[in-house]
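Me: I am new to reading protein structures, and I would like to go through this one slowly, asking about one feature at a time. Could you take me through it step by step?

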Amino acid sequence: MKKLIYITLISFFWACSPEELISPYPCLSGNCESFFEIDPLVSPGVYQDTNGYFHIEHQGINYFTVQGQLDELHSDYIVNGIPLVETAYDSDYWIWINGITFTVPLYSILGYFTSGNYGNPIPIGNITYTIEDMANNHPPLNIVGYSYNPDSGFESLGTYSKYNYQPRQQIFFDNQMVGDTAKIIIETKYPEDIIVNKELNIIFE
């Protein structure tokens, strides 16, 4: 009876050897990496200079796209076909509004009209309105697509793309930004707490 118990315990420890309990490395390549660039289809003519800066010309649309390629995961880190990866975006470029001024036409109830049916009045002048302190009503906007809310805390800042090997993020680019520079910060999180950080330096033209 004692001999039977001894053999059973040996078999149990043999079946649960340390080699079998160690999880495989998350990425199939053996070294988790991430690659990001500016999508040339959205921003024709974009190029990277010898200093590593991406030059983007404003094409009339108010955004450009950052596209990525992440390393594929081992099957142990894929659940129902979904890879357990996450990409977070942030930047050092903020937009805020100090004030807005706009002008509207001024009409008189006894004014003139361009036609006899009174459908198209002729303005007698203009009046200008100014809205100050817009930042109190509209918090600063980061160009990656989020606003800063003091109540949320810095832990929640950024925009995210999850469970995707080919993340894409649209970045705001207004013509008033031409001549400025910006830094896009990208953090990719792989399983087992593996984090890959990338930065894209941008020159707006």
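**Strands, a cavity and two loops**

Reply: Let us begin with one pair of strands in this predicted model: strand β7 (residues 86-91) and β13 run antiparallel, and four bridges join them.

Me: Which residue in β13 is the bridge partner of Y89, and which is the partner of E86?

Reply: Strands of a sheet pair through backbone hydrogen bonds, either parallel or antiparallel. For the strands named above, the sense is antiparallel. The bridge partner of E86 in β13 is K162, while the partner of Y89 is T159.

Me: Which strands stand at the edges of the open sheet to which β7 and β13 belong?

Reply: The open sheet is formed by six strands, its pairing is mixed, and its order is β2-β3-β16-β15-β7-β13. An edge strand here pairs on one side only, and the strands to which this applies are β2 (47-48) and β13 (159-162).

Me: Which residues of β13 make up its covered face, and which its uncovered one?

Reply: The residues of β13 divide between two faces, and Y160 and K162 belong to the uncovered one. K162 is also the residue that is the bridge partner of E86. The covered face of β13 consists of T159 and S161.

Me: There is also an open sheet of three strands, so why is one side of β8 and of β12 left without a neighbour in the sheet?

Reply: This sheet has the order β8-β11-β12, with antiparallel pairing. Because β8 (94-95) and β12 (146-147) stand at the edges, one side of each has no neighbour in the sheet, and each has a single partner strand.

Me: Which residue in β11 stands opposite I95?

Reply: β8 pairs with strand β11 (residues 141-142) in the antiparallel sense, over two bridges. Within β11, the residue that stands opposite I95 is L141.

Me: Turning to the loops, is H58 buried or exposed?

Reply: H58 lies in the loop between β3 (53-56) and β4 (63-70). Its relative accessibility is 19%, and since a residue must be under 20% to count as buried, H58 falls on that side of the limit and is buried.

Me: Which backbone oxygen does the side chain of H58 reach?

Reply: If neighbours within four places in sequence are left aside, H58 is in contact with F173, D174, N175, V178 and E205. One of these contacts can be described in more detail, as the side chain of H58 comes to 3.3 Å from the backbone oxygen of F173.

Me: How much space lies in the largest cavity?

Reply: A search of the whole structure finds one cavity of 30 Å³ or more. The residues that line the largest cavity include H58 and F173, and also V42, S43, I56, E57, Q59, I61 and Y63. By character, this lining divides into five nonpolar residues, three polar and one charged. The space in the largest cavity comes to about 30 Å³.

Me: What is the phi of E192?

Reply: E192 is found in the loop between β15 (181-190) and β16 (194-204). Most residues other than glycine have a negative phi, and most peptide bonds are trans. E192 is not a glycine, yet it has a positive phi of about 60 degrees.

Me: With which residue does the side chain of E192 make a polar contact?

Reply: Not counting residues up to four places away in sequence, E192 touches S23, P26 and Y77. S23 is 169 residues apart from E192 along the chain, although their C-alpha atoms are separated by 9.3 Å. The side-chain polar contact, at 3.1 Å, is with Y77.

Me: Is D193 buried or exposed?

Reply: The loop between β15 and β16 also holds D193, whose phi is near 60 degrees, a positive value in a residue other than glycine. Its relative accessible area is 76%, and since the exposed class begins over 50%, D193 is exposed.

Me: How far apart in space are P24 and D76, C-alpha to C-alpha?

Reply: P24 has its place in the loop between α2 (18-21) and β1 (34-38), and at 24% relative accessibility it counts as partly exposed. Apart from neighbours within four places in sequence, P24 is in contact with H74, D76 and Y77. P24 and D76 are 52 residues apart in sequence, while their C-alpha distance is 7.7 Å.

Technical notes
Residues are numbered from 1 along each chain as its sequence is written. This is a predicted model: local features need pLDDT of at least 70, side-chain atom pairs count only at pLDDT 80 or more; totals for chains, interfaces and linings use all residues. Side-chain values use heavy atoms; hydrogens and water are left out. Buried means under 20% relative accessible area, exposed over 50%, partly exposed in between (1.4 Å probe, protein chains only). A polar contact is a pair of N or O atoms within 3.5 Å; within protein, one must be able to donate a hydrogen and the other to accept it, and residues adjacent in sequence count only if both atoms are side-chain atoms. Contact means heavy atoms within 4.5 Å. On a 1 Å grid over the protein atoms alone, a cavity is a set of points where a 1.4 Å probe fits but cannot get out, and a pocket is an open set with protein on both sides within 12 Å along at least five of seven lines; lining residues have an atom within 4 Å of a point. Grid points are joined across faces, edges and corners, and a volume is the space filled by probe spheres set on the points. Ala, Val, Leu, Ile, Met, Phe, Trp, Tyr, Cys and Pro count as nonpolar, Asp, Glu, Lys and Arg as charged, and the others, Gly among them, as polar. Two strands pair if DSSP finds at least two bridges between them.
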